[in-house]
Amino acid sequence: MINGLNIERFRASVAAVENDHAQGKAAFRADLRWVSGTKNEISVRRFPAFATDEPKNMGGENAAPNPVEYLLGAAAGCFSIGFEWQAAQAGVELASLEVSASGGIDIAKLFGMEAGYGGLDGLVLDVKVKADADLPALQAFAERAAATSPVLNSLKTRAEVRVEKI
């Protein structure tokens, strides 16, 4: 155990995938129920449901984070887990790790008033870390975490999206 991460269990999972790549396939699911206005309730696995809403200037009640804010949180969380894995595998003790994710959307493009991409753009991760490693090692962990993050890779490549069963 290092930094609270069960590195042996992690290594066993990696070894299983190395022996049989099919074991490396993962599927995820989230179910949404509309509440009212722009407020929705989302369920994932056995965890308590969480809400999304929009700010008042976007027609919501500002009762919960909006989906883009959750996406920023997912980007920071996925990057952080990758960083934590990199540090643990190298035997580096983390004293603290904070990640702030920011980005924006162009509302005119989102609503089709201008041509172009209306999704999240300009994503910046600001990382603050205290650890028993030098700066080049920490930068290498960050680069590897960013390069291998499923969430960040989905944002970079624009994952295929299909709408089915309407």
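1. A surface patch, in the sense used here, is a group of residues with over 30% relative accessible area and no salt bridge, in which nonpolar side chains are joined within 5 Å. In this predicted model, one such nonpolar patch covers about 540 Å² and is formed by M58, I105, I107, L110, F111 and M113. Among these residues, I107 is placed in helix α3, which spans residues 107-110. The relative accessible area of I107 is 34%, so this residue is partly exposed, and the value satisfies the requirement of over 30% for a patch member.

2. The overall make-up of the chain may be described next. The protein chain contains five helices and five strands. Read from the N terminus, its elements follow the order α-β-β-β-α-β-α-β-α-α. Along the principal axes, the C-alpha atoms fill a box of roughly 50 × 35 × 30 Å.

3. Surface and burial deserve a separate remark. The chain has 166 residues, and 21% of them count as buried; the term buried refers to a relative accessible area under 20%. The accessible surface of the protein chain amounts to about 11,700 Å², and carbon and sulfur atoms account for 54% of that surface. As for contacts between residues at least 6 apart in sequence, 47% of them join residues at least 24 apart.

4. How are the strands of the open sheet ordered, and is their pairing parallel or antiparallel? The sheet has three strands in the order β1-β2-β3, and the pairing is antiparallel. Strands β1 (31-36) and β3 (50-52) are the edge strands, since each of them pairs on one side only. From one strand to the next, the twist averages 30°. As a general point, strands of a sheet pair through backbone hydrogen bonds, either parallel or antiparallel.

5. The pairing of β1 with β2 can be followed in more detail. Strand β2 comprises residues 39-43 and runs antiparallel to β1, to which five bridges join it. Across this pairing, R33 stands opposite E41 in β2. R33 and E41 also form a salt bridge, in which the closest N and O atoms are 3.3 Å apart. R33 is partly exposed because its relative accessible area is 47%, and E41 likewise counts as partly exposed, at 32% relative accessibility.

6. How many salt bridges does a search of the whole structure find? The search finds four, one of them being the pair R33 and E41 just described. In general, side chains of opposite charge can pair when their charged atoms come close.

7. A further salt bridge joins E8 to R11, with the closest N and O atoms 3.4 Å apart. Both residues belong to helix α1 (residues 7-19), where they are three residues apart, or about one turn of the helix. Are these two side chains buried or exposed? E8 counts as exposed because its relative accessibility is 52%, whereas R11, at 38%, counts as partly exposed.

8. The side chains of R29 and D31 also meet in a salt bridge, at 2.8 Å from N to O. R29 has a relative accessibility of 63% and therefore counts as exposed. D31 has a relative accessible area of 35% and is therefore partly exposed. The limit that separates these two classes is 50%.

Terms used
Residues numbered from 1 in each chain as written. Predicted model: local features only at pLDDT ≥ 70, side-chain atom pairs only at ≥ 80, totals over all residues. Heavy atoms only, no water. Patch = residues over 30% accessible without salt bridge, like charges linked within 9 Å, V, L, I, M, F, W, Y side chains within 5 Å. Areas by Shrake-Rupley, 256 points an atom, 1.4 Å probe, with all protein chains shown as cover. Helix = DSSP H or I, 4+ residues; strand = E, 2+ residues; numbered from the N terminus. Buried < 20%, exposed > 50% of the residue type's maximum accessible area, 1.4 Å probe, protein only. Pairing = 2+ DSSP bridges. Axes fitted to C-alpha atoms, helices over the stretch in contact; angles between N-to-C directions. Contact = heavy atoms within 4.5 Å.
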